Amino acid sequence: MKPPPFDYVAPSSLAEALQQLEEGGFDARPLAGGQSLIPMLNFRLARATLLIDLNGVDELSFLHVSDDGSLRIGAMTRQRAVERSEDVARAAPLLAEALGHVAHPQIRNRGTIGGSLAHADPASELPAVMLALGARFRVEGVNGDRWIPAAEFFFGPFMAALDPGELLVEIEVPALENGDGWAFEEVARRAGDYALVGVAAQVRVDGAGVCSSAALGYVNAAATASLAPSAAAILVGEAPTPERIAEAARAAATDDCEPPSDIHASEAYRRRLAEVLTRRALDRAFARAAEAHEP
Amino acid sequence: MSERWFGAPVVRNEDPRLLAGQALFVDDVQLPGLLHAAFVRSDLAHGRIRSLDLSAARAHPGVVGVYSAEDLGDLCIAGPVLVPPPPIERLEFHARTPLPLARDRVRHVGEAIAVIVAESRYTAEDAAEAVQLDLEPLDPAVALEAALAPDAPLVHEDLASNLAAHVIQEKGDYRAAREAADRVIRRRFRYDRGVSGALENRGIVAWWDPHDGRLSVWDTTQAPIPVRNALAATFGLSESQVRVIAPFIGGGFGPKIMFYGEEIILPWISLQLGRPVKWIEDRYESFFATTQEREQIHDAELAVAADGTILGVHDEFLHDTGAYDPYGLTVPINSQCTLLGPYRVPSYYSEFRVVFTNKPIVTPVRGAGRQHGVFVIERLLDAAAGELGIDRVEIRRRNYLDPEDFPHDHQILFQDSAPLTYDSGNYAPALERAADLIGYEAFPAEQQKARDDGRHLGLGIVSYVEGTGIGPYEGARVTVEPSGTVSVVTGVGTQGQGHFTVFAQVVADQLGVDPAHVRVVTGDTMEFHWGTGTFASRGAVVAGSACHAAAQAVREKIFRLASHLLEVSEDDLELAHGRVTVKGAPDHGFDLSELAARANPLRGAVRPGTEPGLEATSYFGPDRGSTASGVHALVLEVDPETALAKILRYVVVHDCGVVINPTIVEGQIHGGVALGIGNAFYEQLHFDESGQLSNASFMDYLLPTATEVPPIVAEHIETPSPLNPLGVKGVGEAGAIPVAAAFAQAIEDALAPWGIEVLEIPLSPQRLFDLLERASGESPTEGKPGETEEVTP
Amino acid sequence: MSLVQIRVRVNGGEHEGDVEPRLLLSDFLRHELGLTGTHVGCEHGVCGACTVLLDGEPVRSCLLFAVQANGRELTTVEGLAEDGDLHPVQLAFRDAHGLQCGFCTPGILMTVVAFLREQPSPSQEQIRDVVSGHLCRCTGYQNILEAVKLAAERGSP
């Protein structure tokens with residue numbers, strides 16, 4: 001289990017990294033935290049002629065709340081730093097809650113927020129969270145940058161909407177508003193494992209107690225991180241009663257999810273988990289939203 | 001004796017080195033000119049080698065040698081059967097052991113085909129990719145039952161079927177028992193495969209030093225002396241030319257007792273090249289190249305009277321040995337024998353078939369088949385208790401052997417070829433104590449209260465016995481050095497069991513010294529070269545007894561010499577705090593260091609009939625193994641919506657005879673229980689139809705972590721063994737043995753409203769989900785699935 | 001592949017080396033620097049045996065290339081004891097029998113030392129959670145948790 005040979009560069013600026021990526025061609029790969037890529041190299045399941053180590057690109061490591069309340073995170077920000085950030089706890093508590101489920105602290109010390117998103121693993125938590133948060137991603141190549149909504153970013157297993165030569169550089173999470181509620185729920189075999197299924201719920205309730213928006217992001221319930229539009233449609237415009245939540249959970253599990261079968265869980269078992277976890281996540285999320293409206 | 005160390009919770013002598021990162025493990029060995037090996041292994045479960053072209057690999061820069069079966073020549077012969085089957089009548093056994101490197105056929109994924117030797121492991125792995133191997137796929141025999149079908153592909157083409165062995169052992173008249181029974185309970189049980197999961201993978205460093213004429217081998221083996229003997233025989237060297245060192249070993253758990261092809265190949269390479277060479281198995285390889293355990297299918301039947309008395313047991317089972325059977329029948333015979341448990345079983349018919357399949361080899365892993373026996377009998381008793389309306393603790397109590405029943409001869413043979421005779425035991429107190437500790441009496445109320453809150457709690461409580469401490473023998477040499485240090489040298493290897501401490505305790509008591517001043521050396525054939533190894537929960541029993549005997553002999557020498565020098569009778573001497581003194585005159589005597597110097601004079605004459613030095617070597621071999629026992633109880637919570645279970649509390653009350661070091665024994669139990677929990681709920685090897693393993697990594701093969709193992713309360717009951725001077729019994733495997741049975745009972749208890757029955761281990765959340773789905777259609781109060789027969793007398 | 005010159009500070013001492021870019025940090029520490037106290041159990045980041053401190057934070061040394069440690073500060077298990085005296089966390093592991101074969105122990109010690117620095121009075125749940133990033137096959141974890149608790153109670157630095 002030793003990695004195959006490769007060349008290595010360690011750029012210190014984004015411009016330099018993008019140039020090297022452009023010149024490196026198809027088999028050049030960016031190296032972020034490496035907590036998924038290096039195991040694959042060690043198993044020789046992944047190859048690269050050139051690794052472009054982004055860990056020295058300091059300009060990609062930042063985290064702040066903008067004046068409009070949106071949260072901006074540099075792609076190379078360590079997961080552990082995001083998890084510990086008080087800004088994140090305030091501005092995107094769903095993200096903070098979910099990060100505790102991402103592997104173990106020793107991995108999060110090294111793993112980056114952008115690396116995990118660009119890896120686009122359907123079994124990882126962060127893509128589902130970004131879907132539920134309605135985040136958008138700034139990607140950049142030598143010819144400039146563009147924004148991609150999270151809902152358009154994950155288009156296949158381990159496939160992100162990055163063109164050759166592009167890097168994910170920044171994540172923007174919209175501002176939290178009064179009446180927002182959130183919850184992350186997952187079932188994993190062991191603490192820190194990839195979830196059999198996970199649900200990230202972000203909801204909003206108006207002063208009259210009616211759900212004005214709902215987004216549910218799923219871990220391992222389809223070939224990519226996925227949303228549950230039919231479940232959301234059942235919730236929006238209605239009061240979140242237990243019956244309504246149960247109906248939404250059923251819809252999520254039957255209509256919105258297309259879960260895989262593997263050695264850990266069958267499709268049927270995953271649908272069951274999707275339903276149960278959706279209900280539990282919505283219960284908690286709406287309870288939080290209701291609290292926000294209490295005087 | 002002023003202080004008694006035996007039985008005290010002494011901190012471990014080995015810990016400072018381990019904690020400081022100074023303890024030597026095999027991969028830490030660094031030698032000048034060290035080369036590194038990597039193996040080319042089959043990626044098919046069954047195939048014929050059409051061609052093997054090593055030229056590109058040989059030409060790879062940095063490669064020093066590339067070898068196949070052809071290059072090994074006469075060395076490429078099938079290895080021995082390490083443990084010949086016991087002399088059971090009508091026993092059928094087909095020995096098929098692997099070649100060090102496959103010559104024309106591969107029989108499981110990961111079977112070694114070639115070996116690359118290079119200046120670095122990285123380079124060796126690069127070159128391994130350059131090997132041109134053309135494997136013709138053959139149909140594999142994968143599933144255990146299907147492998148015995150008449151049209152199944154043959155794992156060994158020279159045999160008529162995949163039957164590796166067929167064994168029947170019986171006592172009494174089961175047929176009569178069945179006719180006399182009020183109930184006959186019949187079930188089919190399955191137990192699936194897992195790995196031992198030692199954190200340190202296997203590894204070997206071999207160094208043939210031509211100047212010295214010595215072959216030195218550092219090996220992660222549990223049995224350094226047998227490895228030394230085999231290497232000497234293989235290479236035509238004298239045994240004194242071969243030194244095998246099992247330094248600190250990062251966990252053994254059974255598979256490191258095996259003798260593997262790599263253990264021949266690495267020394268051979270060093271002999272070829274005259275340079276030291278290292279191979280460290282990587283984690284991926286370990287899932288194929290290290291032996292595994294425990295796939296069995298049992299069709300079992302219990303004949304009981306209406307009051308729950310066992311009249312007889314009938315069991316037919318299949319045992320998957322994988323592609324070869326180099327360890328004989330140890331595992332299935334353990335299953336066969338351990339099924340009898342702590343119970344009085346008047347009639348027993350047990351028949352098993354061992355089956356070859358195109359999967360990695362099966363040899364003992366902690367518990368070594370005992371788990372299956374316990375699972376079968378305990379599950380049958382649970383079913384009987386349920387059907388007869390008898391309390392599950394009560395049905396066990398009613399069937400226990402009584403203290404006056406010992407020694408108890410079960411009239412069948414154990415794995416060591418000795419009759420299965422229990423030496424001693426006292427089972428009821430452990431059951432009572434475990435029931436108390438887990439809160440058995442109060443549990444129904446606790447369970448009901450939880451159910452009212454929508455939570456599902458279940459309790460499990462089961463018994464087990466474990467045959468431990470088998471022969472043939474071990475030895476030890478104890479020396480009081482002129483420095484005052486006492487050294488103890490024994491042949492067994494050590495893998496974390498605390499031998500450096502418990503052997504020191506045994507010796508310290510005899511010699512009146514502090515165990516911290518006793519230096520224990522294990523696992524180096526240069527230091528001691530008689531013995532067999534660490535397996536079958538025997539280290540403390542057999543090697544511990546040898547240490548005791550050697551220390552006693554040294555103690556006698558101390559008294560004899562001191563008596564002579566001080567001119568007092570031996571009866572007037574006492575030995576404590578590192579001094580031998582005249583009773584009542586503490587200033588009149590010798591420090592042991594001084595006495596050791598006096599025992600080894602540079603001038604003068606040693607008296608006839610005496611030996612120099614305060615040193616003695618002794619051996620101990622028990623007639624047969626001692627039988628440990630115990631009760632495990634647990635409470636768990638199941639979430640029927642997610643099919644997840646969480647163990648809330650766990651109790652072990654066990655009897656391993658006299659306890660040498662309670663802290664170490666408890667540690668052994670904790671670890672065993674954790675392994676048992678892994679086997680019961682988390683760990684499973686998933687082979688697909690083609691014999692490919694789908695989860696050969698620690699990502700997908702789930703060893704329990706700190707969040708999955710509950711707090712464990714362990715208590716000791718001490719029923720001394722009459723078979724050794726210390727009265728001890730083994731404990732290394734005990735913790736792992738009954739966990740699945742207890743877990744299954746607790747799951748059923750928690751989900752009683754669904755009426756599910758757990759007949760299969762591991763019980764993954766997926767399986768539990770399936771069971772719940774199947775049951776949810778049925779009325780919660782209806783009978784359980786499974787077959788039951790009412791027999792009217 | 002050309003070699004890359006690196007310079008790292010390990011346990012307070014400066015080390016230089018010319019390494020292949022693919023050389024894992026675990027192999028660099030063990031086989032180039034001879035610091036064999038850091039153990040390797042899986043090489044895919046699950047078992048935690050190879051955990052070391054990189055600028056004070058626990059990381060898996062099998063999931064880092066040695067080149068990535070260039071200019072950084074590393075602490076391994078060999079760096080815990082001072083003047084031959086075991087670190088209080090090491091002592092607590094001995095006193096609580098928190099190790100058996102000792103193979104996984106160095107990695108766990110590194111995690112725990114960093115953990116107690118950040119969290120001197122942890123709850124049982126926090127201890128369980130941080131230890132869950134390591135695999136141990138011998139102890140069943142119970143005495144490891146006890147050892148961490150003991151170290152915290154004694155107020156380890």
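**A buried phenylalanine, two sheets and a chain contact**

B:Phe503 lies in helix α14 of chain B, which spans residues 499-511. The model described here is a predicted one. In this model B:Phe503 is buried, because 32 other C-beta atoms lie within 10 Å, where 20 or more are enough for a residue to count as buried. Leaving aside residues up to four places away in sequence, B:Phe503 touches B:Val488, B:Thr490, B:Val520, B:Ala543, B:Gly544 and B:Cys547. B:Val489 is 14 residues from B:Phe503 along the chain, and the C-alpha atoms of the two are separated by 9.4 Å.

We may turn next to the sheets of chain B. Three strands of chain B form an open sheet in the order β23-β24-β25, with antiparallel pairing. The edges are taken by β23 (573-576) and β25 (585-591) of chain B; each has a single partner strand, so one side of each is left without a neighbour in the sheet. On average, and with direction ignored, neighbouring strands of this sheet are turned by 35 degrees against each other. Helix α15 of chain B, residues 539-566, packs on the sheet and touches β23, β24 and β25 of chain B. The direction of helix α15 makes about 130 degrees with that of β23(B). Within the sheet, strand β24 of chain B (residues 579-582) pairs with β25(B) in the antiparallel sense, over four bridges. Here B:Arg579 stands opposite B:Asp591, a residue of β25(B).

Another open sheet of chain B has seven strands, in the order β3-β6-β1-β13-β10-β11-β12, and its pairing is mixed. Its edge strands are β3 (63-68) and β12 (242-245) of chain B, each of which pairs on one side only. The average turn between neighbouring strands of this sheet is 20 degrees, direction ignored. Strand β11 of chain B (residues 214-219) runs parallel to β12(B), and four bridges join the two. Across this pair, B:Leu215 stands opposite B:Val242 of β12(B). Helices also lie across strands of the sheet. Among them, helix α6 of chain B (residues 224-235) lies across β11 and β12 of chain B and runs at about 150 degrees to β12(B). Helix α4 of chain B (residues 121-128), in turn, lies across β1 (35-41), β3 and β6 (112-118) of chain B, at about 30 degrees to β1(B).

Chain B also meets chain C, in a contact that takes 44 residues from chain C and 44 residues from chain B. On the side of chain C that touches chain B, α2 (88-95), α3 (105-118), α4 (124-131) and α5 (142-153) of chain C each supply at least two residues. The residues of that side of chain C comprise 20 nonpolar, 16 polar and eight charged ones.

Two of these chain C helices, α2(C) and α3(C), also pack on each other. Their axes come within 10 Å and cross at roughly 125 degrees. This angle makes α2(C) oblique to α3(C), because it falls outside the range of 65 to 115 degrees for roughly perpendicular axes and is not over 145, as roughly antiparallel axes would require. The crossing in which α2(C) passes α3(C) is right-handed. From α2(C), the contact draws on C:Val89, C:Gln90 and C:Phe93, while α3(C) brings C:Thr105, C:Leu109, C:Val112, C:Val113 and C:Leu116. Six residues of this contact of α2(C) with α3(C) are nonpolar and two are polar, with no charged residue among them.

Conventions: Residues are numbered from 1 along each chain as its sequence is written. Chains are lettered from A and ligands numbered from 1 in the order in which they are written. This is a predicted model: local features need pLDDT of at least 70, side-chain atom pairs count only at pLDDT 80 or more; totals for chains, interfaces and linings use all residues. Two residues are in contact if their C-beta atoms, placed from the backbone, lie within 7 Å. Ala, Val, Leu, Ile, Met, Phe, Trp, Tyr, Cys and Pro count as nonpolar, Asp, Glu, Lys and Arg as charged, and the others, Gly among them, as polar. Two strands pair if DSSP finds at least two bridges between them. Axes are lines fitted to C-alpha atoms, for helices over the stretch in contact, and angles run from 0 to 180 degrees between N-to-C directions. Angles under 35 degrees count as roughly parallel, over 145 as roughly antiparallel, 65 to 115 as roughly perpendicular and the rest as oblique. A crossing is left-handed if the near helix is turned anticlockwise from the far one by less than a right angle, and right-handed if clockwise. A residue is buried if 20 or more other C-beta atoms lie within 10 Å of its own, exposed if 12 or fewer, and partly exposed in between; C-beta atoms are placed from the backbone.
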